[in-house]
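The following exercises concern a single structure. Work through each task before reading its solution.

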Amino acid sequence: MIRSSLAARVAVAVAALTFLTAGLTTTLAIISTDDEVRGDVDAFLKERSEEILDGTRQPPDRDGRGRNGNGQAGGGDAVDPAVAVPLSPTELDASVQTLDEDGVVTARVGLSIPVTDDDVDLADRKGPDEFRTIEIDGEEFRVITVHIDGGGALQVARSIDQTTSLLDVIRNRLMLVGAALALVAAAIGWFVTRRTLRPLSELTAAAEQVATTRDLDTAIADADRDDEIGRLAATYNDMLGALATSRDQQHRLVHDAAHELRTPLTSVNANIDLLAHAPDLPADQRDEILSSVRTELRQLGTLFTEIIELATDTHENAEHVAVDLAEIAERAVDDLRRRADNPVTVTATTSVVSGDAPALERAVANLLGNAVKYSPPRSPIVVRVAAGTLTVTDAGPGISAEDRSRVFDRFHRGVDARAQPGSGLGLAIVAKIVDDHGGSVFVDEARPGPGAVVGFRLPN
């Protein structure tokens, strides 16, 4: 199938629209002019018939033949002079004939006007004037038939052939002008469209280059233009930037994950080798090694789950609805109380936000788990919810100032926290969930200390 360019399609559309507009304009102009001319001719015929009937014009000869404007006999059927009616003076700008009550021509000046049944009826009895267009010897005429008081009818005809021919010439010329305008409009449309779409062609070429080379650093010029093309180019550049950022984050995630996986895998492998090469180990040592292997495997399972969650966009695709952050916090705290000995105090007021309830509950659970991890056994944990803000305050050693800016980074673990179990992804998952909801995370020191305050804010 032959595919035409957008510029060519626009040019054809503009040409067709221009030609159609010219055609409609010409048709309306011709119709209007024709109606105007016919109205003027009808007015002339009406006026001439009234002048003849009023006796203000000389009648034709009563020999039944009539005379033309040169005083010479004109052609026509013989008429009965006994039924001829007096006619006013007549000129060459119209043909005139009279009919008796039976529709027989009694007098004529100029051409013979055809008599129809309607003319005979009008001659026999009074009725409204009749106007019609006729053709005599290939020439168009406009005719009026008027009843004569006492019986008979008067017919007056005038040629409109020149007017019709002139209208045909005007119509043909206007159509030629319309065709010329259509060609000019097509050329202008093609030129303007080509210039307008040039940035789109560059954008297409850049997109094809990215698809071929996978080079996300390709940028589109014209992003500074203050029009739709500029906004499209800027959006495309932003999209490439987001894709590049996502790719870099995935690369870092894979690199960091590989680094984090190396240690537990090495430990598990070493313990398994020890069990394989030392079958005579005491039972207590064997149980200790197996317990260590199970712990490492649980941590690996948790690590795999958290890596998958960070690498996917499940939260971004979830439907956001109105939820109460206070209720979410209560559910997360109830679940924690079943698993930990730390007393948890909740101070919450109704705080409705738009979000994904399961994801937000996971974020709160991660904050609570982080607080339990770094707090002494049975030390209090405080949860506060108000106006779209949730904070969790623990009783641990706190977070140093240099670590606060990186506490939500993937796999980051402060110097004091490296001895604690965990993958270093819990708070990174919180940051991702909150970012998907258009919010922000923060960390501060507890007042009074010791301890840390970790939380997030959501728009409400």
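**Exercise 1.** Determine whether the end-to-end distance of helix α3 agrees with its expected span.

*Solution.* Helix α3 covers residues 161–213, 53 residues in total; helices here are DSSP runs of H or I with at least four residues, and strands are runs of E with at least two, numbered from the N terminus. The expected span is 1.5 Å times one less than the number of residues, which gives 78 Å for α3. The end C-alpha atoms lie 75 Å apart, in agreement with that value.

The model is predicted: local features require pLDDT of at least 70, side-chain atom pairs pLDDT 80 or more, while totals for chains, interfaces and linings use all residues. Residues are numbered from 1 along each chain as its sequence is written, and side-chain values use heavy atoms, without hydrogens and water.

**Exercise 2.** Locate the bend in α3.

*Solution.* Axes fitted to the seven residues ending at a position and the seven starting there define the bend. At Leu197 this angle is about 40°, and Pro199 follows within four residues. Both Leu197 and Pro199 are among the buried residues of α3 (under 20% relative accessible area, 1.4 Å probe, protein chains only). After the helix comes Arg214, with a positive phi near 65°.

**Exercise 3.** Establish the strand order of the open five-stranded sheet and identify its edges.

*Solution.* Pairing requires at least two DSSP bridges between two strands. The order is β7-β9-β10-β12-β11, with mixed pairing. Strands β7 (344–348) and β11 (440–445) each have a single partner, so one side of each lacks a neighbour in the sheet. Within the sheet, β10 (residues 389–393) and β12 (residues 452–457) run antiparallel, joined by five bridges; Thr391 has Gly455 of β12 as its bridge partner.

Methods: Buried < 20%, exposed > 50% of the residue type's maximum accessible area, 1.4 Å probe, protein only.
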